[in-house]
Amino acid sequence: MAEILVAGETLIDLIPGAGETLRDVDGFAHRPGGAPANVAVGLSRLDAAPAFWTRLGDDPFGDFLRETLVEEGVPTAAFERVDGNTTLAVVSPPGVDGRRFRFYGSGDATFGFEPESVPAEALASASWVHLGGVALTHPDGRAAMRELAAAAAERGCTVSFDVNYREDLVPDGERDAVVDAVREIVAVSDVVFASDEDVAATGISSREGEALGRDLLDLGPHTAVVTLGEAGAVVASSAAAPWGERTARHGGFAVDAVDATGAGDAFTAGLIARLSAGDADLDAAVAFANATAALSVREEGGMTALPSKGAVASFLAERA
């Protein structure tokens, strides 16, 4: 099993109660979240617990998030406790058009990673490094993630990157800097995760599905993973990939969905768990990742709904 290092934000998802819009919901439940945190916990539940470089505010929400990560078996060595309040991501009610997440807080505590704080010990033992794209919206976070990606690539680690572009978090006048950082990290990555919507918002490509994957391959990675929501995912790879030049498609699994928050992160965890373990059967790996995502939408919450390795295996056996 590969040693995995995940880097990025941990924050609070505020899940709305009953109501058609945010202005008339009857309250919120707080849940642990943040795409990289979801991936880290997802990997832990799949018996591939990673080191996790994250920043936790010194407020009660930061205490809650640390306790949650510890309970989930995520090693604490690379956690940073910093001054400031935890960022809140307010989730829109199901069926609401427009933005799914609205972020509240300065972001300094959650996204302000510092290059000099790159966890050298965790990096030294890692063979796979996964980065989340939201930290690129903060100037310090951009510098730190660039440093980590370059260092990991230089060490020969497999580098994976989730574009996860969030326009709402980009400060005025910094869009070009954020998009340049996205391009740079895509270029040094081996595996890139993205959705059509993510990439279209950056202006890097306006194409969809496999065509988008091929556009991403032109930027440098050997494998591009395009998630398609309930339609599953398509993966395009070049001859440089361990599984060779090919395209893998999987249409996902039909389930009774309750909450899609974090489904993409569940998919990412599932695919990294399989690929980092040396699985060269790309079709089987994508099916496993889609099963992980399908199980995650059957309960409310992103991180709290992530399935175990045994649950995914049982689900696949039932659907075989």
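I began with the larger question of strand order, and found an open sheet of nine strands, arranged β5-β4-β1-β8-β9-β10-β11-β12-β13 with mixed pairing. At its edges I noted β5 (79–82) and β13 (246–250), each of which pairs on one side only. I then looked up the twist and read that neighbouring strands of this sheet are turned against each other by 15 degrees on average, direction ignored. I keep in mind throughout that this is a predicted model.

Within this sheet I followed one pair in detail: β11 (residues 223–227) and β12 (residues 233–237) are antiparallel, and five bridges join them. Looking for the partner of T227, I found A233 in β12. I next checked what packs on the sheet, and recorded helix α2 (residues 60–71), which touches β4 (51–57) and β5, its direction making about 160 degrees with that of β4.

I turned to another open sheet, in which four strands follow the order β3-β2-β6-β7, again with mixed pairing. Here the edge strands are β3 (28–33) and β7 (101–104), each pairing on one side only. For the neighbouring strands of this sheet I noted an average turn of 30 degrees against each other, direction ignored.

I also examined the pairing of β2 (residues 11–16) with β3, where the two strands run antiparallel and are joined by six bridges; in β3, H30 is the bridge partner of L14. Finally I returned to helix α2 and asked which strands of this part of the model it lies across. I found that α2 lies across β2, β3 and β6 (88–91), and that it runs at about 55 degrees to β3.

Terms used
Residues are numbered from 1 along each chain as its sequence is written. This is a predicted model: local features need pLDDT of at least 70, side-chain atom pairs count only at pLDDT 80 or more; totals for chains, interfaces and linings use all residues. Side-chain values use heavy atoms; hydrogens and water are left out. Two strands pair if DSSP finds at least two bridges between them. Axes are lines fitted to C-alpha atoms, for helices over the stretch in contact, and angles run from 0 to 180 degrees between N-to-C directions. Contact means heavy atoms within 4.5 Å.
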